[in-house]
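Have your viewer ready and the side chains switched on. We will go from one selection to the next and look at what is there.

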Amino acid sequence: MNMMLAVLLSALSGCASLPRDFTRQDSYALQDTGTTKLGKALAFLLAQHPGQSGFHVLADGMDAFAARIALVDHAERSLDLQYYIWHDDLTGQYLLNRVLRAADRGVSVRLLLDDMDTAGRDPILHAIDAHPNIDVRLFNPFVHRNARFIDFLTSPFRINRRMHNKTITADNQASILGGRNIGDEYFGAAESVVFGDVDVLAVGPVARDISNSFDRYWNSRWVFPLAAFRERGADADSEQAAFRERSDDYAAEAEKSAYAAALVESERYRSASIAELPYAWSQWMVVYDDPEKVEAEEVGKKTHLAPRLKEVLDRAKQDLIIISPYFVPGDAFTAYLAEKVSRGVRVRILTNSLAANDVLLVHAGYMCHRKELIKGGVELYEFKALNVKKKKGGKTGGWRISSRASLHAKSFTFDEEYIFVGSFNLDARSVALNTEIGVYFRSPENALKISRKFDEQALKRAYRVELVDDELTWTTMQDGRRTRFDAEPETGWWQRFYIRLLSMIVPESQL
């Protein structure tokens, strides 16, 4: 049997390999964009803050989507988009249509997608790629486009390494980066689940650093032009025309939706200029994994973001807030946080509860460290899977949803003065397997706001995990009263049994 399996895998691996007979031309972000509308609009602000960049935090999902639309609509010469997930839903299709319109008016678009989320969508991507001003590339692509399980069997090590970066940059002048992928659940448009997330709109020289990161990936040997996977005989022009008609029809219908009506009333969307938004101006540091991390066997500064982020964590002297939906600290980092507490640093952590976590395997890796974190003095909170009732807009009755909530934000706050926002989860997958990006900047106003809001809202939106007689308890405010649970809240016995079983068999290195 083992011999037959080995022969089968060998045969499958020999059926196909990543394409080699194609042209991959290097390209780089435009540098002379100061005369664009964005460049001119930001010039006055940049002159007032020499050597600094501006940062505007986007905590609301609808505002975050509106800000992306604004970047796309403001772009004159270039758009660079890099995403792990881009869903084919209301927000995904609508944003893509706006990108098409930007390309129509002469904007050069580079769209870089991780290949994990593109299954079944090659025809759509080829239609987009057929536009003369749009170039689509895939990070670490699957060889077997219509039978991806074969790649999981024959190339598990390679396929397990994904590009988790999420950025959009217009005219090399303004960027948005953070935790949000492109999809309804990230922008408050889904009826099934709402992800609490955070991005930052960054303007000024920082955009060039983000563009440099994008160029590094775009020209990497781990990135392949979509055209390398085009089937012979396909008619690109007819594909693009048919897709364009469908896309325009869908966008017209989307603009009539209640969500769109509420979106029009968004402050970010109404802004005549991105320069009119309030910014925190400061020095900054963009950190990102090198795409060569895909084949790295050890974590090092040359290829990995984590060591540089560790240096930033070391700087916290009084206060540290970690918000990470997927939090698997491991023994070493658990001890590190306890040591921070022993040195007088207040450490607060917010992650998902079992009921709120959309990846149960991650909770299985995290739960083993809770007691040691609490014993070490860490303040540990788990986000509730609340039913969210939301109303946005006014003239048309607004946008109302009732959904399960899940934490998806990835941010760190240091000494109520500095902030790190990015795609990085505090788990082994972000440290060693996936590629990530983030930005570190000074914003005392936002940092202090985060700290105070954390204390004000924690027991309303989350459970405080504590130890009573060496047993875990979960405390929260419920119906105006402090309530304590002796088991994982909002879960059943089978779910708790299953997650404990997983915690015994799943290696943390893969989480």
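Select Arg244: in this predicted model, Arg244 is buried, with a relative accessible area of 17%. The cut-off for buried is under 20%, so Arg244 falls inside that class at 17%.

Now add Asp248 to the selection. Its side chain and that of Arg244 meet in a salt bridge, 3.1 Å from N to O. Where do Asp248 and Arg244 sit relative to one another in helix α9? They are 4 residues apart in α9 (residues 236–254), so about one helical turn separates them. Asp248 is partly exposed, with a relative accessible area of 30%, whereas Arg244 is buried.

Next, pick Lys301 and Glu311. These two form a salt bridge whose closest N and O atoms are 2.6 Å apart. The pair links distant parts of the chain, 10 residues apart: Lys301 lies in the loop between β11 (284–288) and α12 (306–314), while Glu311 belongs to helix α12. Colour them by accessibility if you like: Lys301 is exposed, with a relative accessible area of 57%, and Glu311 is partly exposed at 34%.

Move on to Asp486 and Arg484. Here the closest N and O atoms of the salt bridge are 4.0 Å apart. Is Asp486 buried or exposed? Asp486 is exposed, with a relative accessible area of 62%.

For a busier view, select Asp319, Arg346, Arg348, Glu379 and Asp455 together. These five residues are linked in a network of salt bridges. Side chains of opposite charge can pair when their charged atoms come close. If you would like to go hunting for others, the structure holds 35 salt bridges.

The last stop is a helix. Select residues 61–74, which make up α3. This helix has 14 residues and reaches 20 Å from its first C-alpha to its last, close to the 20 Å expected at 1.5 Å a residue. How many residues of α3 are buried? The count is 12 of its 14, and the helix is mostly covered. Among the buried residues are Met62, Phe65, Ile69, Leu71 and Val72. Charged residues appear on the buried list too, including Asp63 and Arg68.

Before you leave, zoom in on the start of α3 and show Asp60. One of its side-chain oxygens reaches to within 3.0 Å of the backbone nitrogen of Met62, and Met62 is itself buried.

How values were computed: Residues are numbered from 1 along each chain as its sequence is written. This is a predicted model: local features need pLDDT of at least 70, side-chain atom pairs count only at pLDDT 80 or more; totals for chains, interfaces and linings use all residues. Side-chain values use heavy atoms; hydrogens and water are left out. Helices (H or I, at least four residues) and strands (E, at least two) are DSSP runs, numbered from the N terminus. The expected span of a helix is 1.5 Å times one less than its number of residues. Buried means under 20% relative accessible area, exposed over 50%, partly exposed in between (1.4 Å probe, protein chains only). A polar contact is a pair of N or O atoms within 3.5 Å; within protein, one must be able to donate a hydrogen and the other to accept it, and residues adjacent in sequence count only if both atoms are side-chain atoms.
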